[in-house]
Each structure stands twice: as structure tokens, then as C-alpha cells.
Amino acid sequence: MAATPSITLNTGTKIPAIGLGAAPSVFTPEGVVQSEKWFLTAFKAGYRHFDTASFYRTEPQVGAALRASGIPREEVFVTTKLPPHHTKHVARSFDESLRNFGFNYVDLYLMHLPMTLEYPTGYNAPADLQEMFTAFKVVETPTFNQTWAELESLHSSGRARAIGVSNFSIKTLEQLFKSAKIVPAVNQVEMHPYLAQTELLEYCRKKGILVTAYSPTGKEPVRSDPTIVALAEKYKVTPTQIILAWHLARGVVAIPQSSNEGRQKENITLPTLSAEDVASVTALDRNERIVSKLGPDGKLFGWTAEQYGW
Ligand SMILES: NC(=O)c1ccc[n+]([C@@H]2O[C@H](COP(=O)([O-])OP(=O)(O)OC[C@H]3O[C@@H](n4cnc5c(N)ncnc54)[C@H](OP(=O)(O)O)[C@@H]3O)[C@@H](O)[C@H]2O)c1
């Protein structure tokens, strides 16, 4: 088992290739509060990269767990994200994130989604976390090109040490490049063996954008795939370890979420797969979104597959 490596971003900074997905495991106020406990076990298990977002409401818990761990701030890589209803208020939203953490910088700030949303509640998303996913309308501006310019300003202030995007495709990245002065350091997208996104990965590699895989395990459907299970037996590890090792072999950062101490340790103790086994996992690709799926109206956060460029 190899120690999980770090990868160098286009800013020259290193990012640990496995981070802890720090969305709450249950999207309720109690789930948010509870998360501090398992963030602390992750710090103790050796995680030095945490992925959160304003939308997840766990920025305070990441900051509190870090302080409780006694680990110096500069030893940890922290990512957070601008929510799509704050695109008119980027500086305010970013300051609020820093206050939530109790930090004076973040290592990576991502535009969470490419569109702008408006809630009836205005700047504050609805208190009910489920409503956050439904009670909005999509508006035309700011466009993601305009929002990216705001992120570029934050980067020049030094408080967002790297900036990037999330849920971008080749189509939306091409559109971003029409005005971008800074190449995103990262594009965070859903990626797992059933959604290998090889073309997007190649495109990002050529542009110097590091891909981070969210929902990287592909959850139960991928974990129980017979090819994954057979490889787990071959390497004497668990199916999840095979899937995460596949990401590492492809030069992709993965941010698995686990609230369980044993599984947290498992997810940062990974085998090295042979090139042949990497290829057999990639061959499972079926272009299937397991988490960021379109709803019955053919939309996700108000955008169609065509708008996303899927
Ligand atoms: N940018 C975006 O739009 C976006 C969207 C979605 C997610 N994300 C990010 O990606 C992170 C992870 O995504 P995700 O939670 O959807 O998917 P995931 O990490 O692939 O799956 C998490 C689930 O897998 C279980 N699990 C983790 N390790 C396991 C293991 N070794 N064996 C068995 N089960 C295991 C966890 O349960 P236990 O807790 O019980 O271990 C949890 O139910 C999020 O926390 C968030 O940071 C970003």
C-alpha cells in the first residue's frame, strides 16, 4: 500500500490526491453539527485535504475540527465553493466563508456551478436544506464568465490561493476561455468508473487543469460491480479502495466522504493498480451520472444537459 501522493496544481502548490468530502452525511441542521466529530477523526487518520462548500454549511465545522486537531493551518489544504445564488455578491460570500472557517485564506475557491440562481429568500438560501435544491429560479446574469472575473480578483488579493470551477464540461470551459485571464487550477466533476469522463480528463490535462472527482466511489452500484469486486479480491482490499486507486492511477484527485473512522482510514490506504487493471476499470464506463442527475423535468439546478454540455 502506497502513501497517498500529492499533485502539483498549475499555481505550483501541491494538493493531496485524496481529500475528505466534507458535505454533511445527512443534509439536516443536526447532520451539519455532527460533521465536526467525523472531520476530527479524519484529521487524526491523516487527512490533510478537506472539500467543503458554502452550500454544505459545514465550513464552521471544518475550521473547528482543524483547531481541535492542533494541526497547523498551513499543513492542510482546504477547498470551498461559491454558491450559485451568490454570484452577484462574490466578495461578500467569500468573506463570509472565511469567517465561517475562522481562516484568513482558502487554498482553493471554486465556482460551484456554472449558472446563477435566485431564491425567494434572497442572499440567504432557504433554511430548509431540501428547499435549497428546489426553491430557486435561474437567471441570465451574472454569466459564469462574469463570475470568473470576480474569482480572478479574489485570487489577486491572495486570499484565494488557487481558483477553479466545478461541474464544467468541455463546452462550458471553452466558453470560459473566451474571457478568462487565469486558467482554472481545478475542475471538480462527478467521476467514477461508470462516468469515466476520459475526454474531459484529457482536455483538462492539456489545458493544465487538474480534475477532482466528486462522488468518486460511485456508491453502491459501482462498489458492487463484479469487475470491481474481483479486483478487490485480487489486491486483497475493498472495492472502494480499488475505485480510489483507479482515480490516483489516472492522475485525478478524489474526495471520498466517510463519517466512519475505519472507512476514512481505508480510503487513504490504497494499492497501486497495474496498467491493465486500470484499463479494465475504465472500460466499465457507461456515461452514467449517479449523483448529479437530471430530474423528471430534464434539468438539474435549472439547467438542461445541453446547457451543461453533457
Ligand atoms: N462539486 C459538486 O457539485 C459536488 C457534488 C457532490 C459531492 N461533492 C463533494 O464530493 C464529496 C463526496 O461525494 P459523495 O458523498 O456524493 O460520494 P462518495 O464519497 O463517493 O460516497 C460517499 C458514501 O460512500 C460511503 N463510503 C465511503 N467510503 C466507503 C468505504 N470505504 N466503504 C464503503 N462505503 C464507503 C459513505 O458512507 P459512510 O459515511 O458510512 O462511510 C457515503 O455513504 C462530497 O462530500 C462533496 O465534498 C461535490
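This is a short tour of a predicted model, stop by stop, with what to select and what you'll find there.

**Stop 1: the sheet**

Start with the strands, and hide everything else for now. Eight of them, or 8 strands if you're counting along, make an open sheet ordered β4-β5-β6-β7-β10-β11-β12-β13, with parallel pairing. Colour β4 (20-21) and β13 (253-254): these stand at the edges with a single partner strand each, so one side of each has no neighbour in the sheet. Now bring back helix α3 (residues 90-101), which packs on the sheet and touches β6 (77-82) and β7 (108-111). Look along both axes and you'll see that the direction of α3 makes about 140 degrees with that of β6.

**Stop 2: β5 and β6**

Select β5 (residues 49-51) together with β6; the two pair in the parallel sense over 3 bridges. To find the register, show phenylalanine 50 and valine 78 of β6, which stand opposite each other. Then add α2 to the selection: β5, α2 and β6 make up a right-handed β-α-β unit. While you're on β6, try colouring by accessibility. The strand is mostly covered, with 6 of its 6 residues buried.

**Stop 3: a glutamine in α2**

Stay with helix α2 (residues 59-69) and pick glutamine 61, which sits in this helix. Is glutamine 61 buried or exposed? Glutamine 61 has a relative accessible area of 12%, which counts as buried. Show what surrounds the side chain: beyond neighbours within four places in sequence, glutamine 61 is in contact with Val32, Val33, Ser35, Glu36 and Phe39.

**Stop 4: across to β7**

Next, select β6 and β7, which run parallel and are joined by 4 bridges. Two pairs are handy for orientation: threonine 80 stands opposite tyrosine 109 in β7, and leucine 82 stands opposite methionine 111 in β7. Now look at the β7 side chains. Leu108 and Leu110 point one way from the strand, Tyr109 and Met111 the other way, and all are buried. Trace the chain from β6 through α3 to β7, and you've followed a right-handed β-α-β crossover.

**Stop 5: histidine 112**

Step off β7 into the loop between β7 and β8 (116-118), where you'll find histidine 112. UniProt, in an unreviewed entry, lists His112 under "binding site". Histidine 112 is buried, with a relative accessible area of 9%. Which residues does histidine 112 touch, not counting those up to four places away in sequence? Show Ala53, Phe55, Tyr56, Lys81, Leu82, Pro83, Ser166 and Asn167.

**Stop 6: β10 and β11**

Carry on along the sheet. β7 and β10 run parallel, joined by 3 bridges, and the bridge partner of leucine 110 in β10 is glycine 164. Then select β10 (residues 163-166) with β11 (residues 186-190): this is another parallel pair, over 2 bridges. Here serine 166 stands opposite glutamine 188 in β11. You've already met that serine, as Ser166 is one of the residues touched by histidine 112.

**Stop 7: helix α6**

Move to helix α6 (residues 198-207) and show Leu200, Leu201, Tyr203 and Cys204, which are buried. Turn the view so you look down the axis of α6: the buried residues fall within an arc of 165 degrees, so they line one face of the helix. On the other side, Glu199 and Lys206 are exposed. What covers the buried residues of α6? Among the elements to switch on are α5 (170-177), β11 and β12 (210-214). Just after the helix, click glycine 208, which takes a positive phi of about 85 degrees.

**Last stop: the annotated domain**

Finally, zoom out and select residues 39-285, where UniProt (unreviewed entry) places the feature "domain: NADP-dependent oxidoreductase". The span is 42% helix and 15% strand, and its end C-alpha atoms lie 31 Å apart.

How values were computed:
Residues are numbered from 1 along each chain as its sequence is written. This is a predicted model: local features need pLDDT of at least 70, side-chain atom pairs count only at pLDDT 80 or more; totals for chains, interfaces and linings use all residues. Side-chain values use heavy atoms; hydrogens and water are left out. Two strands pair if DSSP finds at least two bridges between them. Contact means heavy atoms within 4.5 Å. Axes are lines fitted to C-alpha atoms, for helices over the stretch in contact, and angles run from 0 to 180 degrees between N-to-C directions. Buried means under 20% relative accessible area, exposed over 50%, partly exposed in between (1.4 Å probe, protein chains only). A crossover is right-handed if, with the strands pointing away from the viewer, the path from the first strand over the helix to the second runs clockwise. UniProt positions are given in the numbering used here, feature names are shortened, and annotations may be inferred rather than shown by experiment. The arc is that of the directions from the helix axis to the C-beta atoms.
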